[in-house]
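Hi,

Here is the structure I promised to pass on. Have a look at it first, and then read my notes below.

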Amino acid sequence: MDASAYYDDEMEDHASVLKATRESMKEPFEKMLGIWANCIRGGGKILFCGNGGSAADAQHLSAELVVRFIKDRAPIPAIALNTDTSAMTAGANDLGYDMVFARQVEALGRPGDVVVGISTSGTSPNIVAALKMAKEKGLIPTAMTGRDGGVMPDLADHSIIVPAQSTRRIQEMHITLGHMLCGALEIELELAKTE
């Protein structure tokens, strides 16, 4: 293996996806920020969900909002639905894995809350079911996805669709945009100033 060539190829591919994302995602980013800010101003919360690496992103972003991102500040209500192992395993055992997030949205969500479904393909059945439940219960379904968006944009009020085919590149952009949303939300809500 030529590690040097691999390093250069990966960096070039990442830079190419970053450039395409930067050029195409500003408006979707701004709209998602507005949805999140309106939700929190209205006393709501943000519910994230994802599988695998997207579950890690969901947990990561929820923690940034609940604890802090840039500076110490008041907490922002958020939860990652993939972190409650008892609810996840009971739901999978009793209702089927496709319903593990929808059931929690039904139990924990309130009208005006935002659900952020994260799926690189946009077709994960349990994320799709969560977005459908969110719509049914008066929450605001949103999506972070990639490729052609899959089926999730048709179910979501708003979507961020990373212009890439590779799962790893889509996830890299999801966490970059997610971090930017956390930072911008703190500023938008006047909870922190930029450093």
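Let's start with a term: a nonpolar core is a set of buried Ala, Val, Leu, Ile, Met, Phe, Trp, Tyr and Cys residues joined through side-chain atoms within 4.5 Å. Buried means under 20% relative accessible area, exposed means over 50%, and partly exposed is in between (1.4 Å probe, protein chains only). Keep in mind that this is a predicted model, so local features need pLDDT of at least 70 and side-chain atom pairs count only at pLDDT 80 or more, while totals for chains, interfaces and linings use all residues. Residues are numbered from 1 along each chain as its sequence is written, and side-chain values use heavy atoms, with hydrogens and water left out.

First, the cores. The largest nonpolar core has 34 residues, and the ones touching the most other members are Trp36, Ile46, Phe48, Leu65, Val116 and Leu185. Among the elements that each supply at least two residues to this core are helix H2 (26-41), strand S1 (46-50), helix H3 (53-66) and helix H8 (167-188). Helices here are DSSP runs of H or I with at least four residues, strands are runs of E with at least two, and both are numbered from the N terminus. Another core, of 20 residues, lies apart from that one and includes Phe101 and Met152. Back in the largest core, Phe48 has contacts (heavy atoms within 4.5 Å) that include Trp36, Leu65, Ile79 and Val116, leaving out residues up to four places away in sequence.

Now zoom in on S1. Five of its five residues are buried, so S1 is largely enclosed by the rest of the structure. Which way do they point? Ile46, Phe48 and Gly50 face one way, and Leu47 and Cys49 the other. In general, side chains in a regular strand alternate between the two faces of the sheet. Strands pair if DSSP finds at least two bridges between them. S1 runs parallel to S2, with three bridges joining them, and Leu47 stands opposite Ile79 in S2. The chain gets from S1 to S2 through H3, in a right-handed β-α-β crossover (with the strands pointing away from the viewer, the path from the first strand over the helix to the second runs clockwise). S1 also pairs with S3 in the parallel sense, over five bridges, and there Gly50 stands opposite Ile118.

How many disulfides are there? Zero, after a search of the whole structure for cysteine sulfur atoms within 2.5 Å of each other. Cys49 has no partner because the closest cysteine sulfur, in Cys39, is 14 Å away, too far for a bond.

Last, the salt bridges (a side-chain nitrogen of Lys or Arg within 4 Å of a carboxyl oxygen of Asp or Glu). The structure holds eleven. In one of them, Arg168 meets Glu10 at 2.9 Å, N to O. That pair links distant parts of the chain, 158 residues apart, with Arg168 in helix H8 and Glu10 in helix H1 (residues 3-24). Arg168 is partly exposed at 42%, whereas Glu10 is buried at 19%. Both belong to a salt-bridge network with Asp13, Arg169 and Glu172. For a pair within one helix, try Glu23 and Lys19 (2.7 Å, N to O): they sit four residues apart in H1, about one turn of the helix, and both are exposed.

Cheers
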